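Here's a quick tour of a protein fold, from its cysteines to its packing. Have the viewer open while you read.

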Amino acid sequence: QVLLVESGGGLVQAGGSLRLSCAASGRTFSSYGMGWFRQAPGKEREFVAAISSNGGWTYYVDSVKGRFTCSRDNAKNTVYLGMNNLKVEDTAVYYCARRSTTRYSGSYSRVSDYDYWGQGTQVTVSS
């Protein structure tokens, strides 16, 4: 069983910044890619960012490119999502997730690509 715990959410004004953290339990964290998703009220969960197991590759949805940065520290079993120039439309519950395979190749952007999920952390951006 893998436990993922997000933190760092909160209320911020448009243009502000936040950094989300996701701490993972277990000894296999460095073997798996990780992803960040978000879900706004009444909407489906959507992909935000992903990072490969060694942190050498990242991938972002177009709407956050240039504003969000995904990173990880395998020594601390933690993955991060740095968010700058936040917009009202970034308001959502943000979830981290562990990819279901250790394979480097393949999809990273579908909900079904991940098998363990955190409980989520609320990010609210006010105008």
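What follows covers the cysteines, the nonpolar cores, one edge of strand pairing and a couple of buried residues. Keep in mind that this is a predicted model.

**Cysteines**

How many disulfides are there? The count comes to one. The partners are C22 and C96, with sulfur atoms 1.9 Å apart. The torsion about their S-S bond is about 55°, so the disulfide is right-handed. C22 sits in strand β3 and C96 in strand β9, so the bond ties together parts that are 74 residues apart in sequence.

Why is C70 not bonded to C22? The sulfur of C22 is the closest cysteine sulfur to that of C70, but it's 9.6 Å away, and a disulfide needs the two sulfurs within 2.5 Å, so the gap is too far for a bond.

Here's how some residues in this report score on burial:

| Residue | Relative accessible area | Class |
|---|---|---|
| C22 | 0% | buried |
| C96 | 0% | buried |
| C70 | 5% | buried |
| A49 | 0% | buried |
| D113 | 6% | buried |

**The cores**

The largest nonpolar core has 26 residues, and W36, L81, M83 and Y94 touch the most other members. Strands β3 (18-24), β4 (34-39), β5, β7 (68-73), β8 (78-83), β9 and β11 each put in at least two residues. Of these, β3 gives the most, with four residues.

Take M83 as one example of those well-connected members. Setting aside neighbours within four places in sequence, M83 is in contact with G16, S17, L18, L20, R67, F68, Y94 and V123. There's also a second, separate core of six residues, including F47, A97, Y108 and Y114.

**Strand β11**

Which side chains of β11 (residues 121-126) are buried? T121, V123 and V125 are, and they point to one face. Q122, T124 and S126 point to the other face and aren't buried. That pattern fits a general point: in a regular strand the side chains alternate between the two faces of the sheet.

As for partners, β11 pairs with β2 (residues 10-13) in the parallel sense over four bridges. With β9 (residues 92-99), β11 pairs in the antiparallel sense over three bridges. V123 takes part in both pairings: V123 is the bridge partner of G10 and also of A92. V123 turns up once more as a contact of M83.

**A49, inside β5**

A49 is in strand β5 (residues 46-51). At 0% relative accessibility, A49 falls under the 20% cut-off, so A49 counts as buried. Beyond its neighbours within four places in sequence, A49 is in contact with M34, G35, W36, Y59, Y60, C70 and L81. Two of those contacts, W36 and L81, are among the residues that touch the most other members of the largest core. The C-alpha atoms of A49 and G35 are 5.7 Å apart, though the two residues are 14 apart along the chain.

**D113, a buried aspartate**

Where does D113 sit? D113 lies in the loop between β9 and β10 (114-117). Is D113 buried or exposed? D113 is buried, with a relative accessible area of 6%. A polar atom of the D113 side chain lies 3.3 Å from the backbone nitrogen of S109. Not counting residues up to four places away in sequence, D113 touches R99, S100, S107 and Y108. Of these, Y108 also belongs to the second core.

Methods. Residues are numbered from 1 along each chain as its sequence is written. This is a predicted model: local features need pLDDT of at least 70, side-chain atom pairs count only at pLDDT 80 or more; totals for chains, interfaces and linings use all residues. Side-chain values use heavy atoms; hydrogens and water are left out. Buried means under 20% relative accessible area, exposed over 50%, partly exposed in between (1.4 Å probe, protein chains only). Contact means heavy atoms within 4.5 Å. Two strands pair if DSSP finds at least two bridges between them. A nonpolar core is a set of buried Ala, Val, Leu, Ile, Met, Phe, Trp, Tyr and Cys residues joined through side-chain atoms within 4.5 Å. A polar contact is a pair of N or O atoms within 3.5 Å; within protein, one must be able to donate a hydrogen and the other to accept it, and residues adjacent in sequence count only if both atoms are side-chain atoms.
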